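Biologist: Could you show me the model and walk me through its pockets?

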Amino acid sequence: MPTIEAQSEAAGAARNPINLDALLEASIKGQWSLHDFDWSQPVRDSIARTSRQRRTLGRLLLMTAGFERLGVDAFMIHAKYTDNEKAKAVFQLIALDEQRHADAEVELAGRLGMGWKDLPGSVRFMFKLFARDSRRMGRGAAGKLLHEFGASGIPVAELALDTLLLPALKKMSDDPLLT
């Protein structure tokens, strides 16, 4: 029977570390521009039939944009505190992606007649405070702690967006740009 040390060593060898070269290459290839899309198209689906539906979807898109903007700051903190130059570049590219996602969601909300001012003031204020505080903390002594905490918190937030909110938005609409 193998010793615990031998089992541990075998388990460690079986792990596949992240291939930063492949991740960086995929991140670079996955870049797109807001200008790739025609945002002037009217919304072409059932969600646009009532003003209440338009407001609900528009607000959800704007809320998502607010969270994506917070993600920009979080990934830039990761880029600042990582020691690996390739990981730093990946974090910076992800931050750019998060900003593009936010900008696209604002454009989509605009197609529904909704703008940032249409969110409740308390929600806009919350996003403003979170952004201010995360930027301030990222520059100070707490930045390293945010980097460490974010390593577990950000994936959870991304999973929530990708598995709960975005599919719900897609179910609400069959508009080609939203899809």
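Modeller: Happy to; what follows is a short talk about the two pockets of this predicted model.

Biologist: What makes Leu 70 a lining residue of the largest pocket?

Modeller: A lining residue has an atom within 4 Å of a pocket point. Leu 70 is one of the 21 residues that line the largest pocket, so it has such an atom. Leu 70 is also among the closest to the pocket's centre, along with Gly 71, Ala 74, Ser 134 and Ile 154. The volume here is about 620 Å³.

Biologist: Which helices supply at least two residues each to that lining?

Modeller: Helix 3 (51–81), helix 5 (121–139) and helix 6 (143–172) do. Helix 6 gives the most, with nine residues.

Biologist: Why is Gly 71 counted as polar in this lining?

Modeller: The classes place Gly among the polar residues, so Gly 71 falls there. Overall, the lining of the largest pocket has 12 nonpolar, five polar and four charged residues.

Biologist: And what about the second largest pocket?

Modeller: Its volume is about 410 Å³. Of its 19 lining residues, His 101, Glu 105, Leu 108, Leu 166 and Leu 178 are the closest to the centre.

Biologist: Why is Glu 105 called charged?

Modeller: Glu counts as charged, together with Asp, Lys and Arg, so Glu 105 belongs to that class. This lining has six charged residues, beside 11 nonpolar and two polar ones.

Biologist: Which helix gives the largest share there?

Modeller: Helix 6, with six residues. Helix 3 and helix 4 (85–111) also supply at least two residues each.

Methods:
Residues are numbered from 1 along each chain as its sequence is written. This is a predicted model: local features need pLDDT of at least 70, side-chain atom pairs count only at pLDDT 80 or more; totals for chains, interfaces and linings use all residues. Side-chain values use heavy atoms; hydrogens and water are left out. On a 1 Å grid over the protein atoms alone, a cavity is a set of points where a 1.4 Å probe fits but cannot get out, and a pocket is an open set with protein on both sides within 12 Å along at least five of seven lines; lining residues have an atom within 4 Å of a point. Grid points are joined across faces, edges and corners, and a volume is the space filled by probe spheres set on the points. Helices (H or I, at least four residues) and strands (E, at least two) are DSSP runs, numbered from the N terminus.
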